[in-house]
Amino acid sequence: MGMAIKEMMAKRAAEEIENGNIVNLGFGIPQNVIKYIPEEKMVFLHAENGVLGAGAPPEPGKEDPDLVDSGCVPITAVPGASYFDSADSFGLVRSGKLDITILGSLEVAENGDLANWMVPGGLVPGMGGAMDLALKAKKVIAITMHTDKKGSPKLKKQCDLPLTALSCVSMVITDIAVLKMENGGFVLTELFDGHTVDEV
């Protein structure tokens, strides 16, 4: 998929963020969401390793090795940002203070189950903070391609891959559509240009 499509997905996810929200961005496409949050919105980006007030990636050559997100990707900090240890960071998440988390996804089930951390046989470091984020954020937005590389749907009746969390996803943004989770199923709310209901 072209970069333009992934950027479009990130931009659409950014539209869900409201002024004053505390937001956690997952790896991959969600990391691009920061580029589309309007400057006039006061948003507090959270990184699990202990930053509240994470900013955009630094300019090349201006990276600070001590200022990274939970994936060790260089970040900046906005004025007023705070730093704390990992226990306090997860205390913030587990206490329900996180308004939105935007996560990449491998599969989403119609009841909102999320699988986003492991492909059987693949080498993975572990689930990380995804389980806490998915279960405790007030709103969970899953971003994923509509189908996998073989053309099989990633939105399913039930997930085949190991689950990250149960019944947690509020909204799914794919490369062709936006769907909300309502009454135990997917509800198509938007189509991206050039795509049809039948295709979804």
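## Fold and cores of a predicted model

The protein holds 3 helices and 12 strands. Its radius of gyration is 17 Å, close to the 16 Å that the globule rule gives for 200 residues, so the protein is as compact as a globular protein of that length. The model is predicted. Along the principal axes, the C-alpha atoms fill a box of roughly 45 × 30 × 30 Å.

Some overall values follow.

| Property of the protein | Value |
|---|---|
| Buried share of the 200 residues | 44% |
| Share of contacts joining residues at least 24 apart, among contacts between residues at least 6 apart in sequence | 61% |
| Share of the exposed area supplied by carbon and sulfur atoms | 55% |

The exposed area comes to about 10500 Å². The protein carries 17 positive and 27 negative charges. The mean positions of these two sets lie 3 Å apart.

Next, the interior. The largest nonpolar core has 27 residues. Within this core, I17, V33, L45, I102 and I173 have the most contacts. Seven elements are listed as suppliers of at least two residues each: α1 (3-14), β1 (22-25), β2 (44-47), β3 (51-55), β5 (100-104), β8 (139-143) and β10 (171-173). The top contributor is α1, with 4 residues.

What does I17 touch, leaving aside residues up to four places away in sequence? Its partners are V23, V33, I37, K41, V43, I100 and I102. Two of these partners, V33 and I102, are also listed with I17 among the core residues with the most contacts.

Another core lies apart from the largest one and has 22 residues. Its members include L92, V108, V140 and A142.

Definitions and conventions:
Residues numbered from 1 in each chain as written. Predicted model: local features only at pLDDT ≥ 70, side-chain atom pairs only at ≥ 80, totals over all residues. Heavy atoms only, no water. Rg over C-alpha atoms; globule rule 2.2 N^0.38 Å. Buried < 20%, exposed > 50% of the residue type's maximum accessible area, 1.4 Å probe, protein only. Contact = heavy atoms within 4.5 Å. Areas by Shrake-Rupley, 256 points an atom, 1.4 Å probe, with all protein chains shown as cover. Lys, Arg positive; Asp, Glu negative; His and termini not counted. Charge placed at Lys NZ, Arg CZ, Asp CG, Glu CD. Core = buried A, V, L, I, M, F, W, Y, C linked by side-chain atoms within 4.5 Å.
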